[in-house]
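Open the model in your viewer and keep the sequence panel handy. We'll go from stop to stop, selecting a few things at a time.

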Amino acid sequence: MSTLPPLAARLRGVASSPVRDLLALLERPNVLSFAGGLPAPELFDLDGLREAYARVLAGPGARLALQYAPTEGNLELRTRVAERLTRRGLPTEPGDLLITTGSQQALTLVTTALLDPGAVVAVEEPTYLAALQSFQLAGARLVTVPGDEQGVDPDALADVVARHRPALFYTVPTFANPTGRTLPASRRAAVARIASAGGVRVVEDDPYGELRYRGAPVLPLASTSDDVFYLGSFSKIGAPGLRLGWVRSPADARPALVVAKQAADLHTSTIDQAAAAAYFGVADLDGHVARLQDAYRERRDAMIAALPGTLPPGSRWTDPDGGMFVWVRLPDGFDAASLLPTALAHDVAFVPGAPFYAGEPDRATLRLSFTTNTPDEIREGMRRLGAALGVHAAATT
Ligand code: PMP
């Protein structure tokens, strides 16, 4: 009997996302979960989306909306997205954009187009888990750039660029996953300067930018340099099940991205793109985003107000201006991963911070998402987490 060849070597060492694994565990009723980075389903604009799909399927373009379509994406959708980005201070033409199957695919395409095996990729520490997976799958070598409360430290980036000559720097500068931090404008300019002086491509991942609950918007990093790949998504302002995202890319890389997408899936779902384009026309998207902001602001406030009474003395946490996440650092000696079973026994969940680190993890960190629970549920969940932490502290001291 002949033996089958092994699985591809590039998959070795790429772990399944503990967040996705955890989501499976949380199917259990009664668990109040702060683990997943999900938008609140009760806030989806069901009526608006139903009308948009109905319009497409009842209109003269219905058959075309069910046909194969160009790889670059629906022109009307690209036009609407370009207008919205331009209004947010990032001047964009429809031709600058490629529609992708979620912004996760944009990440894969950029990775495929830019990285050879062994290429060096610089990432903030900690950073988005599935970006790390994507770079690891491409055979990249990851180097980390430290930061502080304001996000990545430009001096540290300059140092990493000089020492490691990365091909690419990946960053989530606005309401980051997992930390919730936002990079100030001055640092954005410095990052763009350092990257272009060092010949480093920048990938700005911005799925959360429109979910701002306080303060004035900060212009995208991409507005400071033509060399930046800007990734956007419909998942957080629309619905993630649509799997619609986009990449605004430098002109020289666009043909490569299109080829990579052809190989991946030919094009993103025609009907979903057409419905999203119609949605921009039929719905009041600004009004919808404002409703999301109001609801999420209240939820963030409930969590931030509860944390001092929940966490042991000496804990620290971020107080994000937007997005979905609060990043917690428990006192020295705590290990969030070993605390998780105790939390689950108290019917409350979070994500331990360690998997978000490409380098040496800080095991005392964890991520809390405030979007999918009401303020009352958040208060109850925090009470349970406090109880779990009390049990944990008693058990280990
Ligand atoms: N980037 C970041 C930083 C994210 O947090 C997420 C979703 N959790 C994505 C990209 C992917 O989003 P989507 O594919 O749904 O657009």
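## First stop: two cis prolines

Start by selecting Pro178, which sits in the loop between β7 and α7 (185-198). One thing to keep in mind as you click around: this is a predicted model. Now look at the bond leading into that proline: the peptide bond from Asn177 to Pro178 is cis, with omega near 15 degrees. Most peptide bonds are trans, which makes this a good place to pause.

Next, select Pro126, in the loop between β3 and α5. Here the peptide bond from Glu125 to Pro126 is cis, with omega near -5 degrees.

Then click on Thr127, also found in the loop between β3 and α5 (129-137). Is Thr127 buried or exposed? It counts as buried, because its relative accessibility is 0%. Leaving aside residues up to four places away in sequence, Thr127 touches Leu132, Tyr170, Asn177, Pro178 and Phe356. So the Pro178 you began with is among the contacts of Thr127, where residues up to four places away are not counted.

## Second stop: the ligand

Show the ligand and the residues around it. There are 14 of them, and the closest are Ser103, Asp205, Tyr208, Ser233 and Ser235. Which element gives the most to this shell? That is α4, with 3 residues.

Now zoom in on three polar pairs:

- Asn177, from the first stop, has a polar side-chain atom 2.8 Å from an oxygen atom of the ligand.
- Asp205 has an N or O atom in its side chain 2.6 Å from a nitrogen atom of the ligand.
- Ser235 places a polar side-chain atom 2.6 Å from an oxygen atom of the ligand.

Taken alone, the ligand exposes 400 Å², and the protein buries 91% of that.

## Third stop: the seven-stranded sheet

Hide the side chains and switch to cartoon. Look for an open sheet of 7 strands in the order β2-β10-β9-β8-β7-β3-β4, with mixed pairing. Follow it out to β2 (97-101) and β4 (141-145): each stands at an edge with a single partner strand, so one side of each has no neighbour in the sheet. From one strand to the next, the twist averages 25 degrees.

For a closer look at one pair, select residues 120-124 (β3) and 168-171 (β7), which pair in the parallel sense over 3 bridges. Ala122 stands opposite Phe169 in β7.

Next, add the helices that pack on this sheet. Helix α3 (residues 75-87) touches β2, β9 (228-233) and β10 (244-248), and its direction makes about 110 degrees with that of β2. Helix α4 (residues 102-114) touches β2, β7, β8 (201-205), β9 and β10, with its direction at about 115 degrees to that of β2.

## Fourth stop: the four-stranded sheet and α11

Move along to the open antiparallel sheet of 4 strands, in the order β11-β12-β15-β14. At its edges stand β11 (316-317) and β14 (351-352), each with a single partner strand, so one side of each is left without a neighbour in the sheet. Select β14 with β15 (residues 365-369): they run antiparallel and are joined by 2 bridges. The bridge partner of Pro352 in β15 is Leu366.

Now pick helix α11 (residues 336-345), whose buried residues are Ala336, Leu339, Leu340, Thr342, Ala343 and Leu344. What caps its N-terminal end? Asp335 does, with a side-chain oxygen 3.0 Å from the backbone nitrogen of Ala337.

After α11 comes Asp347, in the loop between α11 and β13 (348-349). Its phi is near 60 degrees, a positive value in a residue other than glycine. Asp347 is partly exposed, with a relative accessible area of 21%.

## Last stop: Asn30 and Glu377

For another positive phi, select Asn30: the value is near 80 degrees. Asn30 is found in the loop between α1 (18-25) and β1 (32-33), and it counts as exposed because its relative accessibility is 60%.

Finish with Glu377 in helix α12 (residues 375-396). Glu377 is partly exposed, with a relative accessible area of 33%. A polar atom of its side chain lies 2.8 Å from the backbone nitrogen of Thr374. Not counting residues up to four places away in sequence, Glu377 touches Leu32, Phe34 and Thr372.

Technical notes:
Residues are numbered from 1 along each chain as its sequence is written. This is a predicted model: local features need pLDDT of at least 70, side-chain atom pairs count only at pLDDT 80 or more; totals for chains, interfaces and linings use all residues. Side-chain values use heavy atoms; hydrogens and water are left out. Two strands pair if DSSP finds at least two bridges between them. Axes are lines fitted to C-alpha atoms, for helices over the stretch in contact, and angles run from 0 to 180 degrees between N-to-C directions. Contact means heavy atoms within 4.5 Å. Buried means under 20% relative accessible area, exposed over 50%, partly exposed in between (1.4 Å probe, protein chains only). A polar contact is a pair of N or O atoms within 3.5 Å; within protein, one must be able to donate a hydrogen and the other to accept it, and residues adjacent in sequence count only if both atoms are side-chain atoms. A residue is near a molecule or strand if one of its heavy atoms lies within 4 Å of it. Accessible areas come from the Shrake-Rupley method with a 1.4 Å probe; for residues, only the protein chains shown count as cover.
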